[in-house]
Amino acid sequence: MDLSKHAFFEGKIVPLAEAKISVAAHGFMYGTTVFSGMRAYWSGEKERLFIFRPYEHFRRLLDSAKIMSMSIPYDERALIDLTIELLRADDWREDVYLRPTIYKADFGVGVRLHNLRDDFCMFVTAFDKYLANDSDAHLTFSSWRRVDDNVIPARGKISGAYANSALIKTDANRAGFDEAIVLDQDGHVSEGSAMNFFMVRDGKLVTPPPTDNILEGITRRSIIELAREELGVEVVERSIDRSEVFLAEEVFMTGTAAQIVAATRVDYRPIGGGVMGPLTAKLRALFDDVVHARHPKYLKWNVEA
Ligand code: PMP
C-alpha cells in the first residue's frame, strides 16, 4: 500500500516514520481505540480532492469515543481542518483512504477505560478496490455471530470488535467466498465483515435496522437517501431472515472501503438472475457521480481539500 509520507500524531503533522505508538500503550494492548475509515476522491475535471461526508464520519468517531469514555480536544470542524492540512501535506492527486483514530494513550498494564489519557492520530493511504470482485461477489453466511450491543457495542467503531470482523472475513475467504453475511445473536442478518447489507425484495430496498447490531454506515445512509430521493425506491429498515436472502431479487453491500459490492450468489444460490441487478447498477453509477462531486444536488457531501 502506498502510505502517506506524513501523519497527524500527538497534536501535529509529522513524518509517518515518527508516528509510533508504544508497545505499552493501553489502546494497543486492549483494543481500546475507536476509528473511522473515510475517503477523499480525486476529481480529474476539477483538479481537486473531495472528502466524502467528513462531518458525519467525525460525528460517528466522536460518538464511538463517547461510548468508550474518551475525549479529545477537537470537534468535527477542527478534525476536518486538520484532515485538509494532512491531505495537503502530501499533495495527493488520486483517491485516498483516511484512517483517523482515537486511542487510550497511557502506558501500563490494567484494563479499564477511566483515568487514562486519550489521543488522536490519522494517516492516509492510496486506495483503489477493497474487494477484487465487487460486481459479481459470492457470499456465504458466516458461522460466527456479529458482536452484540451488550458485548462490544456494534454501533461504535471500536478496534477490539474488529477481531470479530477478521474471523468472519478470513474464514469466508479461506472457504473460497468473497465475503460473508454475519447474523446477530437472534439469527437475523446483521451485515458483512465491514460492510452494510441491502437486498431488493418485491421491488423494495430492505436493510437491517441499527438495532440489529449493525455499524451505522455513512455509505448506508447515503444509499438510503439516494434510493429514495433520486430513484423513487421505497426503502424499508427491518429485520431480515437468513432464508429471505436466497429469495431476494438483488443483494449488495456498502462501505467506505468496499463502496457498493454487487453479490450475485449466496452459498451457491444465484441471487435474482445471477448477475448484478438493475437497481444495484444504478446506485453504483449514482454513488460514483456523487462521491466525485459530479452531482450538483449532493455537493454538500463533498468537502474540498
Ligand atoms: N460495518 C462495519 C463493521 C464496518 O467496519 C464498516 C466500514 N466502516 C461498515 C459497516 C460500513 O460503514 P461506512 O459506510 O461508514 O464505511
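This passage looks at the ligand in a predicted model and at the pocket that holds it.

To begin with the pocket, empty space can be found by rolling a probe the size of a water molecule over the atoms. In this model, the largest pocket holds about 510 Å³ of space. Its lining is made up of 32 residues, and Tyr97, Arg99, Lys157, Ala194 and Ala257 come closest to the centre. Several elements each give two or more residues to that lining: the helices H2 (54-67), H4 (162-174) and H5, along with the strands S6 (96-104), S7 (118-126) and S14. Helix H4 chips in the largest share, with 4 residues. Sorted by class, the lining turns out to have 14 nonpolar, 11 polar and 7 charged residues.

So much for the walls; next comes the guest. The ligand sits in this largest pocket. Two elements give two or more residues to the shell around the ligand, namely helix H5, which runs over 218-231, and strand S14, which covers 250-255. Altogether, 16 residues surround the ligand, and the closest of them are Arg60, Tyr162, Ile218, Thr219 and Thr256. The shell splits into 5 nonpolar, 7 polar and 4 charged residues.

What about individual atoms? Arg60, one of the closest residues, places a polar side-chain atom 2.7 Å from an oxygen atom of the ligand. Lys157 also reaches the ligand through its side chain, with a polar atom 2.8 Å from a ligand nitrogen atom. This Lys157 is also listed among the residues closest to the centre of the pocket. Ile218 is another of the closest residues to the ligand, but here the backbone is involved: one of its N or O atoms lies 2.7 Å from an oxygen atom of the ligand. How much of the ligand's surface does the protein bury? Taken alone, the ligand exposes 390 Å², and the protein buries 96% of that area.

Technical notes
Residues numbered from 1 in each chain as written. Predicted model: local features only at pLDDT ≥ 70, side-chain atom pairs only at ≥ 80, totals over all residues. Heavy atoms only, no water. Near = heavy atom within 4 Å. Polar contact = N/O pair within 3.5 Å; in protein donor to acceptor, adjacent residues only side chain to side chain. Areas by Shrake-Rupley, 256 points an atom, 1.4 Å probe, with all protein chains shown as cover. 1 Å grid on protein atoms, 1.4 Å probe; cavity = no way out; pocket = protein on both sides within 12 Å on 5 of 7 lines; lining within 4 Å. Sits in = over half its atoms within 2 Å of the grid points. Nonpolar A, V, L, I, M, F, W, Y, C, P; charged D, E, K, R; others polar. Points joined across faces, edges and corners; volume = space filled by probe spheres on them.
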